[in-house]
Amino acid sequence: MPPKALILFAPGTNRDLDAARALEQAGAVPEVVPLNRLRRGERRWQDYQMLVLPGGFSYADALGAGKLLALELQHDFAGPMAEFVASGKPVIGICNGFQALVKSGLLPDPARASAEAQATLTFNACGHFECRWVTLLPVSQTCIWTRGLNEPIDCPVAHGEGNLQARDPHWVDALVASGQAALLYAAPDGRPAQGVYPYNPNGSAADIAGLCNPAGNVLGLMPHPEDHIFAEQHPLWTRGLARGSGLALFRNGVAYAGQF
Amino acid sequence: MPSITETLTEVTRFVVSPRTLDDPRSAGFLHDAHALGLTAVERICCADLYFIQGRLTPTEVRVLADRLLHDPITHNVTQNLSAAGKMSAADCVSGDAYVIEVALRPGVTDPVAEQIVRAAHMLGSKGVQAAGTGLRFEVYGAGLSEADCHLLAARLLSNPVIQRYTLGEIEPSFPLPTQASDAVEILPIRSLDDAGLMTLSQERRAALDLNEMCAIQAYYRTEGRDPTDVELEMIAQTWSEHCVHKTFKARIRVERPGQLEAEIIPNLFRATIRAATETIDAPWVLSAFVDNAGLIEYDGVNAISFKVETHNHPSAIEPFGGANTGVGGVIRDVLGVSAKPVAATDVLCFGPQDTPFETLPGGVLHPRRILSGVVAGVQDYGNKIGLPTVSGGLWFDPGYTANPLVFCGCLGIAPKDAHPHQPRPGDRIIVLGGRTGRDGLRGATFSSMTMDAQTGEVSGASVQIGAPVVEKGLIDVVLLARDAQIYHAITDCGAGGLSSAVGEMTSTLGGRVQLESVTLKYPGLAPWEIWLSEAQERMVLAVPPASLPALQTLCERYTVELTDIGQFEASGRIIVRYGEKTVLDLSNDFLHNGLPQRNLTALILPPRCPAGQTTPLPTREHDYAAALLALLAHPNIASKERIIRIYDHEVQGGTLIKPLAGLAADAPADAVVLRPPGSAGKQALALSAGMNPEYGKLDARQMALNVIDEAVRNAVAAGADPERIALLDNFCWGDPLRRETLGELVAAARGCHDGAVYFGAPFISGKDSFNNEYLGSDDQRHAIPPTLLISGLGLLEDARAAVSMDLKVAGNAIYLVGAFAPTFGGSHYALTCLPADQPPAEGVPALLPITRAVYRALHAAMRGGLAAACHDLSEGGLAVAAAEMCIGGRLGLDLALEDAEPLRALFGETTGCLLVEVPPQHTADFEAALSRLPCRRLGVVTAVPRLTARSAGQILLDLPVDTLRNAFQRPL
């Protein structure tokens, strides 16, 4: 049985269908579910093997990207979200979904979330929203989404608040060391971008594009691998240089979800 | 009504400021302040202000500050009761620092404030009644005066149309509770003389002429009563230029100098735009000029809809809101044909960015303000609603300084025949979406008038801020409702608000509305205000009563408001009641057919030089390299990357040829190629545009022909089939009552007809905008150049056959394809060259008869995989096209020109021509494919990244690609 993927939908979510298409290609059965349906019990969390928080502008990003969705998740869905994460099922938050995971404390470490927030995604260092293609290095064996991936992933970013910053800068190094830094922005030479714009498009600490929880089943990332699942989406396909499909990431997650 | 003091409860004020000293937003304001000449400003610190009304405990204040209003890792927050510790203007001066605070005027939509109230309740602060937002600026500078601060606040930090500012702390304003109102005024029209009628038209800002006012008077004389204000307002909106296109439907008497007998055009639209579509009679056009958007066949399963609108006057007075709601409006047009919006386009025209302040007409915002506001408005709506903003253009001309142009387009996809458009008697009239407020009154008539220095003040209410996420909810619900066949008809609420949307839907049957059912943002609106309000993000649906519960369920799922305001009846009348009171009762026949046709006179002057006419150039030395670099840096040609990248052009995953092309994604694509999600076949769509007001200034007819050619050519360059291109026309013109202006319109409309028929490219939709003029406080009229935007919608039989413009491989051949006949009339070379190099007066380029055959043959060759790259020649001519291809591929070109006049060959402008890169193994096939057509091998792609052009043994140009790129990327 292919795993069922629950794609959370809040007012302003807009990359839900992009994610659904990628998951379908990767072998899952995705369903976009408005939060109101979960709230009313028309859909049940336990019926799904994967959870996706897709991109968009939930609640128009009023008061900070992902902030109000995070508040809603904490207020109305703290139990089921925590249960889903604790069950070990794969969870992915992309762009706005990543912002909501971080701002609700599910990333980087829910165990430390009760104290002060450790990390945030703030305004891009360049000062504005930006849409461009980036290259991602999957560097974590902890993260079930990136485990075993050796090839870089090419995909677009499209955000204004993707700059990962931590309260304690040293703590970022610890994230890298522990394997929680799952995806890094890369320079054209295939090495981490070292903060150089535009390869690191937003100024994120330690070039971190994606973070996972200590258990490795929850991944959050700013870029959009769901928008690179066939060659003609790649900006260089007319030059015969399409490479690094984002599908690899979703295949990993779907394969892992198969056990639940 | 309760008094103000009774209603004022406590207001807590929160200031949220970034911890970092190099805050990009503050730096942006500082940069802009310097650009506006306020160089005494040394530093600006920008912070957000939040005002929360309602009694809060200290714990609640803490929770709201920490969990809602600020991010503790990056920001600091301070809070105090607003009444306490207020500073006067004098107090805020601390040494060389000033404080300027800005807040919205009461009644202006504040979506963030609404979210604060909702979230505060979620966090347990049930006492929160209302919220407001604002900005606080600390401005530092040694020589700064209070007068400087007022200048800074007025020119950069606030817009009086929607905002107010103070030096020092600002007091928030919340809408005061008022009573519901059923006030209706009776306007005694029957007794008025001509002067009285015109006074009434002006007082109500109805933009109706005497003839039209007389028709209204006659109607009420037969009805035996006088109109209500609701009725007159509705008639004015329904009969506005914006809604019925009076000029294009006018009977026009055309005069020409030296011609004794004037020609009569009974209906310009029928004679030109519509006639072209009927003559071409393309079987793949599914709907043209019927609905809010044109529809074409796509992949056998789906239809594609396309619409382009303008939102010029609103963008002139409030750039962000004007452009924002322009995008929102055109998206609703596409949703109004039951289609899923899949892409947005924007073409923008502004005054030169370096216009000195002193030269601005009174009441006009600086072009830099307008540009940044408009771009931010497009970005905000498109990105948030999840549409890729893919195709665009940017044009600068002094004529747009006071009257910018904002063209917003939207592309949609829907299964064929999925769009129901027949309301039935008994269907409920359902409003979906945002609530109705006093925002945006009289937008249709406002856009139909010439602006003056007072326009901003008087028509401030015509502008509103959009709420893209609310409209996203509409899309979600409407598409599901469409698939479940829940509604019988749908229309968007645009200009004229409910009066226009409901009026249009009831125009065949009739209907009855209970106005007090409309959900309001705040009470106190008079009936005419409710009926006319242009509050954004609303759609009107005809829903059979049995389907209402299903629609209600969808709305609850997606958090969309639904209101039942009346029902359709086969009465032939529209009747609007407020409670028991009938406030409007009009016959459909009068409302929709009673508008008298306008009689206008046009004077067509021949162009000074006929199209295509050239004059031998004087023989002299030229600095070709300097000329090319100047062209590449001209704002109309230079890179638009800075703007393109702040639009999300990747969302929905269908953008195959992106607006930025090449190895480093920094070269301009000819057309964008899209394969929207839901596509059922291999096909893809090419979106292109043609526009050239420089040609319009010289020869309106030829401009129309040439911009149609440009739209077709751009689509062909990206791989579209030249026989499957649909066109949209958007005319932005001056006052059509001026005979010469109307003459240019008639000439251009005929050019549109002839161009469309020539290419077999039918018009499927269009829009016109007149009175794009500004009466400055200097009493001078500032009119725009005649501007025609042609948007092309092309079809690629196979998405994989798309071709990009960047050079691919060294050693490939480069061909110049098409009838190359460059002229300098209206050329960008003439705009950029030194005065001494100014070319002689010449005609604008002619469109040569062989062009359609060239495009066909080229397309066949491209389909056969013979072309590695293709790029069209447009502004700046051959040299600019070649340079852009080099930038795209980071490769060089070595070109040999045989032309007698190298200057003309390099920089003259021509129609119908493209540069095509062909691999050596395909050159024979390529030449065969274009045999007997104008096609010549011009040179070769080189690995050395230099653009070299030679002629008769002389090297004209030899520039490194990096030098070209630096010029091209000169910041805007």
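A nonpolar core here is a set of buried Ala, Val, Leu, Ile, Met, Phe, Trp, Tyr and Cys residues joined through C-beta atoms within 7 Å. In this predicted model, the largest such core runs to 393 residues. The residues with the most contacts inside it are Val52(A), Ile100(B), Val673(B), Ile708(B), Ala882(B) and Cys886(B). Helix H24 of chain B, residues 700-717, supplies the largest share of this core, with 11 residues. Over in chain A, Val52(A) touches Ala5(A), Leu6(A), Ile7(A), Leu8(A), Ala19(A), Leu23(A) and Ile92(A), leaving aside residues up to four places away in sequence. In soluble globular proteins, nonpolar side chains tend to be buried together.

As for the layout of chain B, the domain assignment splits out domain 1 (4-167), domain 2 (194-244), domain 3 (420-595) and domain 4 (805-972). The C-alpha centres of domain 1 and domain 2 of chain B sit 45 Å apart. Helix H8 of chain B (residues 229-238) has 10 of its 10 residues buried, so the rest of the structure largely encloses it. Charged residues are on that buried list too, including Asp229(B), Glu231(B) and Glu233(B).

Chain B also has an open, mixed sheet of 6 strands, ordered S9-S10-S11-S14-S12-S13. Strands S9 (285-287) and S13 (389-396) of chain B are the edges; each has a single partner strand, so one side of each lacks a neighbour in the sheet. From one strand to the next, the twist averages 20°. Within the sheet, S12 (residues 340-350) and S14 (residues 405-415) of chain B run antiparallel and are joined by 9 bridges. Leu348(B) stands opposite Val406(B) in S14(B). Helix H12 of chain B (residues 319-335) lies across S11 (302-310), S12 and S14, at about 25° to S14(B).

A few spots in the backbone deserve a look. Most residues other than glycine have a negative phi, and most peptide bonds are trans. Chain A has a cis peptide bond between Leu107(A) and Pro108(A), with omega about -5°; Pro108(A) lies in the loop between helix H5 (96-103) and strand S5 (119-122) of chain A. Another cis bond joins Tyr197(A) and Pro198(A), with omega about 0°, and Pro198(A) is in the loop between strands S9 (181-186) and S10 (208-212) of chain A.

Asp61(A), not a glycine, has a positive phi of about 60°. Asp61(A) is in the loop between strand S3 (50-53) and helix H3 (67-76) of chain A, and it is buried, with 25 other C-beta atoms within 10 Å. In chain B, Gln652(B) has a positive phi near 80° and lies in the loop between helix H22 (641-644) and strand S24 (655-657). Gln652(B) also counts as buried, with 24 C-beta neighbours inside 10 Å.

Terms used
Residues numbered from 1 in each chain as written. Chains lettered and ligands numbered in written order. Predicted model: local features only at pLDDT ≥ 70, side-chain atom pairs only at ≥ 80, totals over all residues. Domains from an automatic or database assignment. Buried ≥ 20, exposed ≤ 12 C-beta atoms within 10 Å, placed from the backbone. Helix = DSSP H or I, 4+ residues; strand = E, 2+ residues; numbered from the N terminus. Contact = placed C-beta atoms within 7 Å. Pairing = 2+ DSSP bridges. Axes fitted to C-alpha atoms, helices over the stretch in contact; angles between N-to-C directions.
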